[in-house]
Amino acid sequence: MLFQVYAPLLAWGTAGFLLVRILPSRWPGYLASFLFWVGTPLAVLSFIRRAEFSSSLWQAAVVAWVALLSGFVLASFWYRRSQLPTQTTQTLRLSAGIGNTGFIGFPLILALIDVKYFGWALVYDLFGTLLGGYGLGPVLSEYWQGQPIGWKSLLRSLASNPILLAFVFALLTLQVPLPTSVASPLKFVGEAAISGSLLLLGMRLGQVKTWGSLIEVLPALFIKMLIVPLAIWATLRAFGFVGPILSALVLQSAMPPAFATLILAETYNQDRLAAVTSIAGGVGFLALTLPLWNYLLHL
């Protein structure tokens, strides 16, 4: 079963890693913009129509924020006595909380779990990564810099986010049947967007010129990808979660650090090298942790 995850991740990631070396440097940016404004919103529309929804989906948002805040707090305790620069510890604290639940999490869920449980992963991403990476992340970064927090601009940016808008639109039109001439292309675009996200992942990694010290980021990766997910797994099992729903929530909590941490590092003058190293190192670390989650989630 893990071959279903490793094969596309390696194939598309390697393709992106190689392509970025021969394509103009602006192309990854074009692909990222297309996925953000068109590809991913259409993928959300496609997968939502095949997913199952229930009144308990709000629990995915709760788990997302528990995982995010737990990672941030644990990393804050770990790095508070370190000799690292303040900008570095700020980046690593964010890296320990904000996960790549879209570019990597969605393909992983769709490969290992039935698409009808995609709603749990999507709610986790929207209310965890989106609100965490582009909500809590900027708030904390502005607080660290002593800047006034722009709540209005933050709310405006969230309200205009195409992925969130696509999610709301999909829910409102869920009972409206689509003709085959629309449903089939929508399904194709949705699946292509998932492949495109893995291609972009490889491109971004291929653009890395210099890495920071992996030793510095290892504690953040252990917190983000092992300690917090293990706690989530044990807690959810204690509360009676089983099967695909348990798998979806635990796997999303176990994703490597998100690209949002690099955006925050560049925007707020944090440690860009630490962000790049945590992202790239997290992708490699995922190859080692997936067998563990596959075993635990099938106990």
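The following questions and answers go through a predicted model.

Student: Which residues make the nonpolar surface patch of about 400 Å²?

Tutor: A residue of such a patch needs over 30% relative accessible area. Phe34, in helix 2 (residues 27-48), has 46% and is partly exposed. Phe36 is partly exposed at 32%, and Trp37 is exposed at 54%. With Val38 included, the patch is made by Phe34, Phe36, Trp37 and Val38.

Student: How many aromatic pairs does the structure hold, and of what kind is the pair of Phe36 and Trp37?

Tutor: The structure holds five aromatic pairs. In the pair of Phe36 and Trp37, the ring centres are 5.1 Å apart and the planes stand at 90 degrees. Planes over 60 degrees apart count as edge-to-face, so the pair of Phe36 and Trp37 is edge-to-face.

Student: What kind of aromatic pair do Phe47 and Phe118 form?

Tutor: The centres of the two rings, Phe47 and Phe118, are 5.0 Å apart, with 55 degrees between the planes. Stacked needs planes under 30 degrees apart and edge-to-face needs over 60, with the rest counted as tilted. The pair of Phe47 and Phe118 is therefore tilted.

Student: How far apart in sequence are the parts that the pair of Phe47 and Phe118 ties together?

Tutor: Phe47 lies in helix 2, whereas Phe118 lies in helix 6 (residues 118-144). The pair thus ties together parts separated in sequence by 71 residues.

Student: Is Phe47 buried or exposed, and is Phe118 buried or exposed?

Tutor: Buried means under 20% relative accessible area. Phe47 has a value of 4%, so Phe47 is buried. Phe118 has 1%, so Phe118 is also buried.

Student: Which residues form one aromatic cluster with Phe47?

Tutor: Phe47 and Phe118 form an aromatic pair. The cluster also takes in one more Phe, so the residues that join Phe47 are Phe118 and Phe106.

Student: Which helix gives the largest share of the lining of the second largest pocket?

Tutor: This pocket holds about 240 Å³ of space. Its lining has 14 residues, and the closest to the centre are Leu9, Leu10, Gly13, Leu205 and Val283. Helix 1, helix 9 (180-206) and helix 13 (272-296) each supply at least two lining residues. The largest share, six residues, comes from helix 1.

Student: How far apart in space are Thr14 and Gly206?

Tutor: Thr14 is placed in helix 1 (residues 3-19) and is partly exposed, with 40% relative accessible area. In sequence, Thr14 and Gly206 are 192 residues apart. In space, C-alpha to C-alpha, the distance between Thr14 and Gly206 is 8.9 Å.

Student: Which residue forms a salt bridge with Arg272?

Tutor: The structure holds one salt bridge. Arg272 is partly exposed at 44%, and its partner is partly exposed at 47%. The closest N and O atoms are 2.9 Å apart, and a salt bridge needs them within 4 Å. The partner of Arg272 is Glu266.

Student: Which residue has a positive phi although it is not a glycine?

Tutor: The place to look is the loop between helix 12 (260-267) and helix 13. The residue there is exposed, with a relative accessible area of 55%. Its phi is about 60 degrees, and the residue is Asn269.

Technical notes:
Residues are numbered from 1 along each chain as its sequence is written. This is a predicted model: local features need pLDDT of at least 70, side-chain atom pairs count only at pLDDT 80 or more; totals for chains, interfaces and linings use all residues. Side-chain values use heavy atoms; hydrogens and water are left out. Patches are made of residues with over 30% relative accessible area and no salt bridge: like charges are joined within 9 Å, nonpolar side chains (Val, Leu, Ile, Met, Phe, Trp, Tyr) within 5 Å. Accessible areas come from the Shrake-Rupley method with a 1.4 Å probe; for residues, only the protein chains shown count as cover. A salt bridge is a side-chain nitrogen of Lys or Arg within 4 Å of a carboxyl oxygen of Asp or Glu. Helices (H or I, at least four residues) and strands (E, at least two) are DSSP runs, numbered from the N terminus. Buried means under 20% relative accessible area, exposed over 50%, partly exposed in between (1.4 Å probe, protein chains only). Rings of Phe, Tyr and Trp (its six-membered ring) pair if their centres lie within 6.5 Å; planes under 30 degrees apart count as stacked, over 60 as edge-to-face and the rest as tilted. On a 1 Å grid over the protein atoms alone, a cavity is a set of points where a 1.4 Å probe fits but cannot get out, and a pocket is an open set with protein on both sides within 12 Å along at least five of seven lines; lining residues have an atom within 4 Å of a point. Grid points are joined across faces, edges and corners, and a volume is the space filled by probe spheres set on the points.
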